[in-house]
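Open the structure in your viewer and keep the selection tool ready. This tour goes from one selection to the next, and at each stop it tells you what you should find there.

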Amino acid sequence: MLLEAKDLRISYRDVEAVHGVSFHIEEGELISIIGANGAGKTSILNAVMGIIPAKGGTISYQDHDITALPAHHRARLGIRIVPERARVFPLLTVLENIMTGLYGLKNKTDVPSRLSWTYDLFPVLKERSKQLAQTLSGGEQQQLAIARALVSQPKLLLVDEVSMGLMPILVDKVFDVLRYLNKEENLTILLVEQNALASLSISHRAYVLETGVISLHGDAQTLKEDPAVKKSYLGA
Ligand SMILES: Nc1ncnc2c1ncn2[C@@H]1O[C@H](COP(=O)(O)OP(=O)(O)O)[C@@H](O)[C@H]1O
Ligand SMILES: [Mg+2]
């Protein structure tokens with residue numbers, strides 16, 4: 001098992017937002033957590049990255065308890081996040097933005113190969129590598145945010161609501177890249193999304209999160225056909 005959260009609880013001051021959630025991810029899986037706005041998706045992802053603390057429960061990664069590890073330490077273990085509404089550095093070039101993803105990396109010898117691998121995934125970023133990030137379109141900036149998380153070649157990629165604000169055609173493009181990374185590069189991915197249809201379409205398994213509790217989980221294809229999921233999340 002690559003990641004396992006057991007009875008995870010997250011609070012903001014005295015208000016509990018995530019009420020004892022358990023889920024796991026095997027190496028090589030693409031998993032999504034779907035749920036409405038405010039369900040607790042971002043809280044869970046941030047707790048897995050170590051950006052916010054877990055108030056209860058445990059998170060283990062590669063069979064080690066990481067619940068108390070700081071985020072930069074988790075990053076060194078190969079966990080990276082594409083945050084919700086990820087911001088790029090507007091006054092840095094595309095290349096400089098990507099290089100920030102290598103911060104803290106010990107072995108710098110393979111930087112050129114990581115960079116060319118990243119540019120192959122997002123050719124538009126290669127074309128624009130010397131441009132300031134602020135000159136990119138919204139969709140290109142979203143790709144840049146993903147590239148920055150990928151350049152370190154993580155083992156587990158956490159992706160928060162990447163489809164938000166993107167045109168449908170770009171959502172498809174970004175999801176195609178995620179599917180490719182999972183299938184061909186064996187990258188394990190945890191997606192959290194309000195866009196249930198798009199995320200279920202590329203996931204192996206999924207969890208449905210309702211106000212801080214997991215109400216359903218299973219095979220993504222089966223969930224797509226589930227009447228309750230259809231009614232609440234697929235507009236059918
Ligand atoms: N920084 C914060 N301070 C207080 N409450 C928060 C904070 N962040 C999130 N919450 C609350 O926690 C709940 C879950 O939020 P969030 O994890 O952002 O959900 P989602 O990502 O599914 O929209 C919501 O009720 C939200 O208002
Ligand atoms: Mg969120």
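In this predicted model, begin by selecting the open sheet of 4 strands, whose order is β2-β1-β4-β5 and whose pairing is antiparallel. Colour β2 (15–25) and β5 (64–65) separately, since these are the edge strands, and each of them pairs on one side only. Then select helix α1, residues 41–49, which packs on the sheet and touches β1, β2 and β4, while its direction makes about 115° with that of β1.

Within the sheet, select strand β1 (residues 3–12) together with strand β4 (residues 56–61), and you will find an antiparallel pair held over 5 bridges. If you show K6, you can look across to T58, which stands opposite in β4.

Next, turn to ligand 1 and display what surrounds it: Y12, A17, G35, N37, G38, A39, G40, K41, T42 and S43. Which helix or strand gives the largest share of this shell? The answer is α1, from which 3 residues come. If you colour the shell by class, you should see 3 nonpolar, 6 polar and 1 charged residues.

Now select strand β9, residues 205–210, and consider how far it is covered: 5 of its 6 residues are buried. Add strand β3 (residues 30–34), which runs parallel to β9 and is joined to it by 4 bridges. Here I34 has V208 in β9 as its bridge partner. Then add strand β10 (residues 213–219), which runs antiparallel to β9 and is joined to it by 6 bridges. In this pair, E210 stands opposite V213 in β10. The two strands β9 and β10 form a hairpin with 2 residues between them, and T211, in the turn, has a positive phi of about 35°.

Finally, colour the protein by its domain assignment, which gives domain 1 as 1–78 + 156–236 and domain 2 as 85–153. The C-alpha centres of the two domains lie 23 Å apart, and where the domains meet, 12 residues of domain 1 are in contact with 8 residues of domain 2. On the side of domain 1 that touches domain 2, select α2 (71–76) and α7 (168–184), each of which supplies at least two residues. By class, that side of domain 1 has 9 nonpolar, 2 polar and 1 charged residues.

Note on methods
Residues are numbered from 1 along each chain as its sequence is written. Chains are lettered from A and ligands numbered from 1 in the order in which they are written. This is a predicted model: local features need pLDDT of at least 70, side-chain atom pairs count only at pLDDT 80 or more; totals for chains, interfaces and linings use all residues. Two strands pair if DSSP finds at least two bridges between them. Two residues are in contact if their C-beta atoms, placed from the backbone, lie within 7 Å. Axes are lines fitted to C-alpha atoms, for helices over the stretch in contact, and angles run from 0 to 180 degrees between N-to-C directions. Domain bounds come from an automatic or database domain assignment. Ala, Val, Leu, Ile, Met, Phe, Trp, Tyr, Cys and Pro count as nonpolar, Asp, Glu, Lys and Arg as charged, and the others, Gly among them, as polar. A residue is near a molecule or strand if its C-beta atom, placed from the backbone, lies within 6 Å of it. A residue is buried if 20 or more other C-beta atoms lie within 10 Å of its own, exposed if 12 or fewer, and partly exposed in between; C-beta atoms are placed from the backbone.
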